[in-house]
Structures are given as structure tokens and as C-alpha cells.
Amino acid sequence: MKERLKRINEERGRLIKEMREMLDAAEQEKRDLTSEEDDKYQRMEADYDKLEKEAERLERAIERESRAAESNGRQHREDPEDRGTGDGDAEDEQRMAAFDAFLRSGMNGLTMEQRDMLAGSDVDGGYLVAPQRMVAGILKELDKAVNVRSMATIHTLKQAASLGVVKMDSDIEDWEWTTELATGQDDEGLKFGKRELRPHPVAKRVKMSKTLIRLSTRNVQQLVRDRMSYKLGATMEYNYMMGDGVQKPLGLFTPSDDGIPTSRDVSTDMTATEITGDGLISVQGALRDGYQARARWLFHRDAITRIRKLKDGNGQYIWQPGLAQGTKNMILGKPYVVSEFCPNTFATGQYVGMYGDFSFYWIVDSLQMQIQVLKELYAESNKIGYIGRYEGDAQPVLEEAFCRIKLA
């Protein structure tokens, strides 16, 4: 795999070189690409995107093999989400077995003993509160599917209760040089706004083949977990971007005094229809140094396509490919993440991206996830339906940690 990854990265480098030579030639001749050149450029760009995805898959596979090699010869330890938690292992395994029977056959699949064991759930109402091990697995897969979650600060609550008022209106002042007995000037400390992080319910329905459930080598819990994570991911990612904060997350691109106000919008040096190299430099310069160490860019893939062509004032491309194993593509020396739900309308006054320290985007997950089995509803198509009810919330908590990119 490493040899294949090396060949792919070499091919990526060759494509980038040819694409830039084409752009540079047109720039020197002070003209646009011809229709033939533009068609060729788009084909090379599509080829590059395919190679980049393949390189990412290979890097993940190599990383998995490396972890497996490190654990070779040591005592096998199961993933915490797939095993018990210590003293209550036997009871936990019985609970998971009961939950597995529920997923396969609904309430009719549970013995009276299993129903008694799950007395804390509304078995008579047709649903169960999923075991925490199952919920942890769904959230773990959600972290992989939603890029914002990989950068955000995530709080997990055992109950669907409020985390409290968390929107920081101001941070504490810097420490002061003082004498041995002095303590510095009084500081009111962190000031908080009004919005609470309170988990709100969202539901998703998935259907699965009874034949698949019966014959698959993977257990039914894992099948249901993976499908629910996939379905839930798109819903949450959209709301992390665009949510209005009313019984749902407050999104990064929703102007709000409870999140990121319009005072953090940066349009300096942008045109009405295009992102510019100078504009991105202005955005980067608008973020205080204290947040630069963990700062990342956030764009739609359409924006990345445009940014690949941009240069700074010295004629250097501001987008640099990460062609070595383990390195990331960079924009002005900082990595970026891509979301299909990031705004991508290139018109006057529209948001087209963001730069900031996303650890100041807080996400709350509740472990009280409910799952209902619809055994008879899809019987004609030989399927079982599952309704999952997750509760969560999110919002930016410190406005000065973000710069929202806006066209002129």
C-alpha cells in the first residue's frame, strides 16, 4: 500500500505542476484559458480529486495496519464501546444481549426476564433507551462522518439536561507581573451570554433487510449503529453550519449575538463574486494571534476549486498540496476541512467560508438515545425499520475566535 500511495502522490504532484503551468502561461500572455485548455484543466482537476480521495483511503488503511502491528504480541484489549465496563460486566452483557434481541424482533423478541432487566426503558411504549455502549459507538462514528466534530469541543451528558450558560461575552485578562504579596488587579473573569446548551431531540428512520440482518457476519447492533450514524451525520452537519438555534444547534454561518455576530464578518479585498488571495490574507490577519495555533479553514469543495488557482502578492500559489504521507493540504500555511453544507453561492454579500479556532464551537451530546423497532410496517418488503431519537445541541461560545468570510 505504501508503494501505491507513493505512486499516487507522485501523480498528484505531476497534475498540479501541469495545471499551474497552464495557468501561469495564460497569465503571462494576459489572457483567459482557451475553451480547449479549460476543458483539459477541468479533466485534470477531476483526476486530482479522485487521486486525493484514494490517497486519503490508503493513508487510513496504512494507519490501521500500523496500529494493528503495534498491538501484535500484546494482550488483546477490546474497544470500550464493545465490552463491559468493569464490575458490572456480566449484567452489562445480559443487557446488550437483550438489546440485540430487541433489534432483531422488537418487543416480541424479549423474554419476561429481559423486560424486567430493561425496566428503566419504556418497553410498553415500543422503544428502549439504547445502552450507553451502543450510543458511544454511534457518536464515535458520527465524529468520523462530520468534520466539524473533529475540531469542536464535545461535552457528553448522561441526561438531557442543560449544560448551563456558555456563550463567552469576554475572556479573562492576561496575568500581571507583580510582587510576592500582591495578587494583581481584580478581574470579573469570564462573562457569559444568555443562550444555554440544552439537548434538543431529533429523529431519524432507517430500514434494513431482514435477510441482511439474518445472514450478515456483523452483529445487528453494529449494522444499526452504522446506518444511524450515517443518517444522523448529514442532519447534524447541516445544523452545525446553518442551524438557527431554535430547538436546534446555532450554526457557524448564522449571524447571532449568541454565537458569531456580523462584526466578525470579513470581506476586505474580496470581490462581489470571487474569493481573492489578498482577501484570504486579510481574513487570516483579522484573527488574533492567540487563536492562530489551532486555526483551520472551512470551505465547500467548490470554494477549494477556486482557491487552487489563487496567488498572493508575490505570485506564489496560496494553496499547497500535502503530497507526503501524513501531511495535509494547506491554504496560507494552515490546513482546511471541507463540508458539503458550507455556503457556496458566490454572489454579493454571501458567506463562502470561515477561518478560526473551532475548539470554541461547543457540542453537547446526550447519552439518552432511544431506539424503536418497526417490525411489521415494512413486512411486505422484507425489511425492519428503526427510529432513532438523539438529543444534542451546539453553538459558538467565543466570537473573537472566528472570522466568517463574506464576499463584497
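Reader: Is Arg-308 buried or exposed?
Author: Buried, in this predicted model. Its relative accessibility is 5%, and the cut-off for buried is under 20%, so Arg-308 counts as buried.

Reader: Where does Arg-308 lie?
Author: In the loop between helix H10 (301-307) and strand S8 (319-320).

Reader: And which side chain does Arg-308 join in a polar contact?
Author: That of Asp-49, at 2.7 Å. Leaving aside residues up to four places away in sequence, Arg-308 also touches Glu-45, Tyr-48, Glu-52, Tyr-317 and Trp-319.

Reader: OK, cavities. How many of 30 Å³ or more turn up in the whole structure?
Author: Two. Arg-308 helps line the second largest cavity, along with Ile-16, Met-19, Arg-20, Tyr-41 and Trp-319. That cavity holds about 40 Å³ of space.

Reader: Which helix gives the largest share of that lining?
Author: Helix H1 (residues 2-28), with three residues. By type, the lining of the second largest cavity has four nonpolar residues, two charged and no polar.

Reader: Switching over: what's the volume of the largest cavity?
Author: About 70 Å³. Its lining includes Ile-138, Lys-204, Leu-232, Met-369 and Arg-389.

Reader: Which elements each supply at least two residues there?
Author: Strand S5 (200-209), helix H8 (220-242) and strand S14 (383-396) each do that for the largest cavity.

Reader: And how do the residues of that lining divide?
Author: Seven are nonpolar, two polar and two charged in the largest cavity.

Conventions:
Residues numbered from 1 in each chain as written. Predicted model: local features only at pLDDT ≥ 70, side-chain atom pairs only at ≥ 80, totals over all residues. Heavy atoms only, no water. 1 Å grid on protein atoms, 1.4 Å probe; cavity = no way out; pocket = protein on both sides within 12 Å on 5 of 7 lines; lining within 4 Å. Points joined across faces, edges and corners; volume = space filled by probe spheres on them. Helix = DSSP H or I, 4+ residues; strand = E, 2+ residues; numbered from the N terminus. Nonpolar A, V, L, I, M, F, W, Y, C, P; charged D, E, K, R; others polar. Buried < 20%, exposed > 50% of the residue type's maximum accessible area, 1.4 Å probe, protein only. Polar contact = N/O pair within 3.5 Å; in protein donor to acceptor, adjacent residues only side chain to side chain. Contact = heavy atoms within 4.5 Å.
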